[in-house]
Every structure is written in C-alpha cells, then in structure tokens.
Amino acid sequence: MGDSDLIMRQAQGEWEIRDVKLIPYKQHVEELGKRFKSIEFIFIPRCHNELADALATLGSMLLYPGNAHINPLEIQIRERHDYYNTVEAEPNVQPWYHDIKRFLKTKEYHEQASGYQKRTIRWHASGFFLSGNVLYKKTPDLNLLRYVDTEEAGRIMYEVHSGVCRPHMNGYVLAKKILRVGYY
C-alpha cells in the first residue's frame, strides 16, 4: 500500500519508469516478488493513510542495528485517537504558569508567596514575555513557544489529530509546528 499513485502504477508495470535511478528499485521489487505467491499494490490517498504515516514516523526514529534480529511489531488499530485517552484537567484550576504571567502583567505575587517563591517567580519570569495577554518563551534557537491553557491545548490537539491541519510530516516536525508562534 502506498500514497503515491505514480509509484504504485510503476510497481504494477502500468506506467514506465523514466528516472534511471529508480530502475534498480523496480528490479529489486520484482526480485522480492518472486518469493511470494501473489503481490498486490494498492494506492491509498494520503488523507486515508494514517497507518503508513505512523510506521514512517516510527521508522525514522529508530536506527537499524545492522545484522541484529528485530522482532516484528504488533500493531493494534484503535477505533479512536489516543488523545481521547488523556486525563482531563481539573476544572477551575489555574495553569502552572499563572503566577509567572501575573508577575509579568502586574509585577505582583500571590498573597501567600514566601521570599523563596518570589525569587523563583522572578527568575522564571526572566525567560518569558507577554504580548497582549499571550505568554511566550524564547528558546535557544530563537523560536517562540506559546503557552496555552488546558482548554486551548485540547482544541489544538483536536484540530491536529482530526485532520483539520492536514499535516503529512513526522511527529517531531508536527510538534515544532504546534509550538511555533503564528501557527494557530
């Protein structure tokens, strides 16, 4: 199964391969095909190819250990996305960065803050800044991380996993996109 109609048709022999660099791959597929009773090549549009995307992401994260034996993966296809299994946040609880945001906005601490807590808040606040009512942190590579509350984080994750954003990228790149300022 693959999400490239061109490659699927070339593998089936319906279309010719014009790129000389791809001919050895086609020959290799034909040699491998002799080991099986039958082979079927199926084109699947990218929007319906979640399993291939997950396997490609997993494959890009692992180094092949040479001649070592790799046990086969057991894959379970779930009926719903994993974010449905997350633990819900407690209602009416302030996010962890609430005190930092409050200090940046008003230069005030919460009423029961000890001297140590005040120093800690000031120290943490030095790495953050407010733009309007939105809290950001600058990373060492000069990207900006936007801090969101539980409700907005849930909305962002829902949009990403429901396919609204239509990403066709590995998990690391997707995470960087989610954290990048201006993405939403």
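**Figure 1. The order of helices and strands along the chain.** Read along its sequence, the protein chain follows the pattern α-α-α-α-α-β-β-β-α-α. This is a predicted model, and its chain holds seven helices and three strands. How much of the chain is buried? Buried residues make up 15% of the 184 residues. The chain exposes about 15,000 Å², with carbon and sulfur atoms supplying 55% of that area. Now look at contacts between residues at least 6 apart in sequence: 48% of these join residues at least 24 apart.

**Figure 2. Three strands side by side in an open sheet.** The strands are arranged in the order β1-β2-β3, and their pairing is antiparallel. Which strands are at the edges? They are β1 (128-131) and β3 (144-147), each of which pairs on one side only. Averaged over the sheet and ignoring direction, neighbouring strands are turned by 35° against each other. Helix α4 packs on this sheet and touches β1 and β2. The direction of α4 makes about 65° with that of β1. As a reminder from your course, strands of a sheet pair through backbone hydrogen bonds, either parallel or antiparallel.

**Figure 3. The hairpin of β1 and β2.** Let's zoom in on one pair of strands. Four bridges pair β1 with β2 in the antiparallel sense. To find one of these pairings in the structure, start from Phe129, whose bridge partner in β2 is Tyr136. The two strands form a hairpin with two residues between them. In its turn you will find Gly132, which has a positive phi of about 70°.

**Figure 4. The hairpin of β2 and β3.** Strand β2 (residues 134-138) is joined to β3 by four bridges, and these strands run antiparallel. Which residue of β3 is the bridge partner of Leu135? It is Tyr147. Further along β2, Lys137 stands opposite Leu145 in β3. In this hairpin, five residues lie between the strands. Leu142 in the turn has a positive phi of about 70°. That is worth a second look, because most residues other than glycine have a negative phi.

**Figure 5. Nonpolar residues gathered in a core.** Which residues make up the largest nonpolar core? Its nine members are Tyr97, Ile100, Phe103, Tyr109, Ala113, Ile121, Ala125, Phe128 and Leu135. Helices α4 and α5 each supply at least two residues of this core. Try starting your tour at Ile100: leaving aside residues up to four places away in sequence, Ile100 touches Ile121, His124, Ala125 and Phe128. In general, nonpolar side chains tend to be buried together in soluble globular proteins.

**Figure 6. Lys107 in the loop between two helices.** Find Lys107 in the loop that lies between α4 (98-106) and α5 (115-125). Lys107 is not a glycine, yet it has a positive phi of about 60°. Is Lys107 buried or exposed? Its relative accessible area is 55%, so Lys107 counts as exposed, the cut-off for that word being over 50%.

**Figure 7. Salt bridges at the start of the chain.** Side chains of opposite charge can pair when their charged atoms come close. How many salt bridges does a search of the whole structure find? It finds seven. One of them joins Arg9 to Asp5, with the closest N and O atoms 3.1 Å apart. Both residues lie in helix α1 (residues 5-12), four residues apart, which is about one turn of the helix. Arg9 has 29% relative accessibility, so it counts as partly exposed. Asp5 is partly exposed too, at 28%. There is one more member to find here: Asp5, Arg9 and Glu14 are linked in a network of salt bridges.

**Figure 8. Two further salt bridges.** The side chains of Arg102 and Glu111 meet in a salt bridge, with 3.5 Å from N to O. Arg102 is partly exposed, with a relative accessible area of 24%, whereas Glu111 counts as exposed at 64%. Next, look for Glu152, which forms a salt bridge with Arg146. Here the closest N and O atoms are 3.0 Å apart. With a relative accessible area of 29%, Arg146 is partly exposed.

Notes:
Residues are numbered from 1 along each chain as its sequence is written. This is a predicted model: local features need pLDDT of at least 70, side-chain atom pairs count only at pLDDT 80 or more; totals for chains, interfaces and linings use all residues. Side-chain values use heavy atoms; hydrogens and water are left out. A salt bridge is a side-chain nitrogen of Lys or Arg within 4 Å of a carboxyl oxygen of Asp or Glu. Buried means under 20% relative accessible area, exposed over 50%, partly exposed in between (1.4 Å probe, protein chains only). Contact means heavy atoms within 4.5 Å. Accessible areas come from the Shrake-Rupley method with a 1.4 Å probe; for residues, only the protein chains shown count as cover. Two strands pair if DSSP finds at least two bridges between them. Axes are lines fitted to C-alpha atoms, for helices over the stretch in contact, and angles run from 0 to 180 degrees between N-to-C directions. A nonpolar core is a set of buried Ala, Val, Leu, Ile, Met, Phe, Trp, Tyr and Cys residues joined through side-chain atoms within 4.5 Å.
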